[in-house]
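Here is a short report on one protein model. Take a look at the sequence and the structure first, then read on.

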Amino acid sequence: MDCEGHEYCGLMGIFGVPDAAVPVWLGLHALQHRGQESAGIVSSDGDKIRSRKGMGLLPQAVPSSELEKLPGHLAIGHVRYSTTGSSKPQNIQPLVVDYSEGLLAIAHNGNLVNARTLRDEYEAYGSIFQTSTDSEIIVHLLANPENVCRENSLGHCLNCVKGAYCFLFLRDDRIIAARDPQGLRPLCLGKLDEGYVVASESVAFDLIGANFLREVEPGEMVTISAEGVKSEIFAPKKDIKPAHCIFEHIYFARPDSSIFGENVHQVRHRLGRVLAEESMVPADVVVAIPDSGYSAALGYCQASGLPLDRGLIRNHYVGRTFLAPVQRQRVRAVSMKHNVVPAVVKDKRVILVDDSLIRGTTTKNLVGAIRAAGAKEVHLRISCPPNIYPCFYGIDFPTREELLAATHDIPQMEELLGVDTLRYISLSGMLSAVSLPAHHYCAACFTGKYPVKVIDKMGDKYSMDRSGEEDEDRDMLDLHGGGKKH
Ligand code: SF4
């Protein structure tokens, strides 16, 4: 990806392991790609709840030397990239609140599409919010006296919020994991020694030697306590309609994770194979845009018989400063992040493979650098269909005006990016590369068909909102077709 989309957050929780904050810290380290702006861990020894949080990458936010201040056999942690709610210390999660039912810590991954509307209602009745995040609304719902006295208060409150959410809750004696009825974001359950682990991606289990058990189901709430694991479906049956974010497979999740029932690298590999079958062109070498383009490039090579070579090298030590959401900084970041290996591309017809194309800024600069290094031809291949709609469920795509494919046709993009040809995988090709039936995935950023109606006004994104609309006339295959010129 040309570095503009960001995942909201990563979650990690453990019950039943001595000094649980330590494996939570390690798991968050494996999930750092899901959020680099802030991090936090909250632990409980069954009596007292303690918290450490801070801005920056995990080692700055919660230095490992601080972990001894987080004793206890249960802990939850969070890494955050903010888009809903600005970047400020009070927004760092897990949030810890003290209300009539006692202390509660909350960590959230996703984006609620009715949080603003609910917040306005609560504020109208005098509620005071401590943060500017969408996540805090669940606190006010839980603390509402009408809800406190309900038999299944948490289940009721979860049914009041809409959109994408995986929540981890920590009380002094248990952790609770919950996933929205669409299962938009991944959430995995594992076993570690005598205890249990919950994490956004299975890769967090590997580092601590935990075994993957299963995914938390859409609409399911899992309570882990001294009594063991208790599962409960909190969402009404009619609301449970899986719509897993297919972009997790395309770009966001780590390739060594298994989510939505399959390994991410293998999905990307298949996407690359389909992409090659749909858009083959005579060439000498395949070059991946590192790192996320590698799996698809490997698949492309297998299907095309062309060699893969490292024509681009990525500098892994470019800090968050260079990923700041300012266009000028982004342009500078290109030369900081990638360098061309001229010997690989000189006098060659190059197939350049990436997983997605958002604004195109990075890609344009990379293509220019590859051409400057002597490439004869550059053919850009993208292993997802054109991103033409924004995401309201927790992926920070820009507004529609800034999405390159929403405002340019293929010849215009070829000219702007400086490539000989540009081809995307087709929508049907993308869906053929994943294992579940097509209707089990959200692909709204490609199709405009949003699985959950967006209730809040979403600023300038909202004018593009097509949520709930069915646009059967749209010929998606034509829009996204690999070989067709527009
Ligand atoms: S709109 Fe796109 S990025 Fe957002 S949840 Fe759906 S598939 Fe994922």
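Where is the place of Pro94? Pro94 sits in the loop between β4 (74-80) and β5 (95-99). The peptide bond that leads into Pro94 from Gln93 is cis, with omega near 0°.

This is a predicted model. The protein chain has an average pLDDT of 89, and 88% of the residues score at least 70. Two stretches need care. Over residues 3-7, pLDDT stays under 50; the model has 19 contacts beyond four places in sequence for them. Over residues 320-327, pLDDT also stays under 50, and here the model has eight contacts beyond four places in sequence. Where pLDDT is low, the predicted coordinates should not be read in detail.

**The core**

The largest nonpolar core has 148 residues. Those with the most contacts inside this core are Val24, Ala75, Ile76, Leu168, Ile175 and Leu352. Strand β7 (residues 163-171) gives the most to the core: seven residues. Both domain 1 (9-242) and domain 2 (263-480) supply at least three residues each. In soluble globular proteins, nonpolar side chains tend to be buried together.

Look at Val24 next. Neighbours within four places in sequence aside, Val24 is in contact with Met12, Gly13, Ile14, Ile41, Ala75, Ile76 and Gly77. Ala75 and Ile76 are also among the residues with the most contacts inside the core.

Now turn to Leu352. Leu352 belongs to strand β20 (residues 349-354). Is Leu352 buried or exposed? Leu352 is buried, because 28 other C-beta atoms lie within 10 Å, and 20 are enough to count as buried. With neighbours within four places in sequence left aside, the contacts of Leu352 are Val287, Ile289, Val367, Ile370, Val378, His379, Leu380 and Arg381. Ile382 is 30 residues away from Leu352 in sequence. In space, the two are 8.5 Å apart, C-alpha to C-alpha.

**Around the ligand**

Which residues surround the ligand? They are Leu184, Cys245, Ile246, Phe247, Cys391, Tyr393, Ile395, Cys442, Ala443, Ala444 and Cys445. Two elements, α8 (246-252) and α17 (444-447), give two or more residues to this shell. By class, the shell has eleven nonpolar residues, no polar residues and no charged residues.

**Backbone details**

Another cis peptide bond joins Pro290 and Asp291, with omega about -5°. Asp291 has its place in the loop between β17 (285-288) and α10 (294-304).

Asp19 and Phe260 have positive phi values although neither is a glycine. The table sets out their phi angles and C-beta neighbours.

| Residue | Phi | Other C-beta atoms within 10 Å |
|---|---|---|
| Asp19 | Asp19: near 50° | Asp19: 18 C-beta neighbours |
| Phe260 | Phe260: about 50° | Phe260: 21 other C-beta atoms |

Asp19 is in the loop between β1 (9-15) and α1 (21-30). Phe260 lies in the loop between β15 (258-259) and β16 (262-263).

Why does Asp19 count as partly exposed? Asp19 has 18 C-beta neighbours inside 10 Å, and a residue needs 20 or more to be buried and 12 or fewer to be exposed, so Asp19 falls in between. Phe260 is buried, because 21 other C-beta atoms lie within 10 Å.

How values were computed
Residues are numbered from 1 along each chain as its sequence is written. This is a predicted model: local features need pLDDT of at least 70, side-chain atom pairs count only at pLDDT 80 or more; totals for chains, interfaces and linings use all residues. A nonpolar core is a set of buried Ala, Val, Leu, Ile, Met, Phe, Trp, Tyr and Cys residues joined through C-beta atoms within 7 Å. Helices (H or I, at least four residues) and strands (E, at least two) are DSSP runs, numbered from the N terminus. Domain bounds come from an automatic or database domain assignment. Two residues are in contact if their C-beta atoms, placed from the backbone, lie within 7 Å. A residue is near a molecule or strand if its C-beta atom, placed from the backbone, lies within 6 Å of it. Ala, Val, Leu, Ile, Met, Phe, Trp, Tyr, Cys and Pro count as nonpolar, Asp, Glu, Lys and Arg as charged, and the others, Gly among them, as polar. pLDDT is the predictor's confidence in each residue, from 0 to 100.
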